[in-house]
Amino acid sequence: MSGATRVLVVEDEEPIRMALVDALVHEGYQVLEAADGDRGLELALRDAPDIVLLDLMLPGRDGFSVLRALRQDRLQSVVIVLSARGEEWDRVQGFEYGADDYVVKPFSMRELLGRMRALLRRAEGSAPGLEGDARRVRIGAATVDFAAYCVERNGAREGLSRREMELLRHFLAHEGEALERIDILDAVWGRDEDPSTRTIDMHVLKLRRKIEPDPERPRFLLTVHGKGYRFSRRGEGDAG
Ligand code: CA
C-alpha cells in the first residue's frame, strides 16, 4: 500500500522524542509517540506502524520487553532500537528478539533516516503494481530506480523525493485509470494530513519535469480535465 509511512517513536527522554518527532514529521512521516513502554506497546499493537523507533531504557516495561511482546503478537513492523552508549544492549540478543537495526545515541538524524529508508525498501520488497520485484521501471526514455530514489534519462540522474516516488508508484499501480485528486491525496498523503489538491498538482509538475520529454505536452502523466490525472506507461500523446 502507498500512503504516508507511519512511525511510532517510543522514547521517554522528552527532548530526544520531540527532536525525533519534529524531524520525522518534516520528512513527511505520520508519527505516533509514546513516553513509556506500556503505552508504546499499546500503540504499536493498535496501529501496526510501519516502523517503531524503540528506546531500551523506559519507565515501566523496557524496550526489550516491548520488542518481545511485539514479535510474539506477530507484529511485522520494522523495529529500530535506539540504544544509549553504555547501555546493556547486546546486538545478538537484540536481533534474536526481532530488532531490525539499531543506532547508538547520540545518533545523527541523517543516519537514522537513511537506515529507516533502507529497511523500508527491504520490507516493501517491490513497488506495488509492478511485475515481479522490478525495482527499475522504464517510462519512455526515463528509467525510474525505486531502490535508488532517482530517475535516469539521457545519462543524467535526478533524485526523487519520497512523496514523488509514492505518487509515481500509485500511478503505476493504477495505470490507465482516471484518478481523482482527492483519491490520490487519500492514498499517497493519507487521511490524517490535510494538504490541498494543489499539492498534487505541484508534485505532478515536478514528476513531469523528470519523466516527460516535453513537460508542457505530457505523454505519460496526463491531465483528466475536471477530475485529476491518468497515467500511461506507453505514452499517449499530449493531453490536449
Ligand atoms: Ca530512555
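In which sense do strand 7 and strand 8 pair, and over how many bridges? In this predicted model, strand 7 (residues 142-145) and strand 8 (residues 150-153) are paired in the antiparallel sense, with four bridges between them.

**Figure 1. Close-up of the hairpin formed by strand 7 and strand 8.** The bridge partner of A142 is R153 in strand 8. Four residues lie between the two strands of this hairpin. Within the turn, Y149 adopts a positive phi of about 55°.

**Figure 2. Close-up of the hairpin formed by strand 8 and strand 9.** Strand 8 is also joined to strand 9 (residues 156-159) by four bridges, and these two strands run antiparallel. E152 stands opposite R157, a residue of strand 9. Two residues separate the strands of this hairpin, and N154 in the turn has a positive phi of about 50°.

**Figure 3. Close-up of the aromatic pair F171 and Y229.** Two aromatic pairs are found in a search of the whole structure. In the pair shown, the ring centres of F171 and Y229 are 6.4 Å apart and the ring planes meet at 85°, so the arrangement is edge-to-face. Because F171 belongs to helix 6 (residues 162-173) and Y229 to strand 12 (residues 228-231), the pair ties together parts that are 58 residues apart in sequence.

**Figure 4. Close-up of the aromatic cluster that includes F231.** F171, Y229 and F231 together make up one aromatic cluster. Within this cluster, F171 and Y229 are both buried.

Notes
Residues numbered from 1 in each chain as written. Predicted model: local features only at pLDDT ≥ 70, side-chain atom pairs only at ≥ 80, totals over all residues. Heavy atoms only, no water. Pairing = 2+ DSSP bridges. Phe/Tyr/Trp six-rings, centres within 6.5 Å; stacked < 30°, edge-to-face > 60°. Buried < 20%, exposed > 50% of the residue type's maximum accessible area, 1.4 Å probe, protein only.
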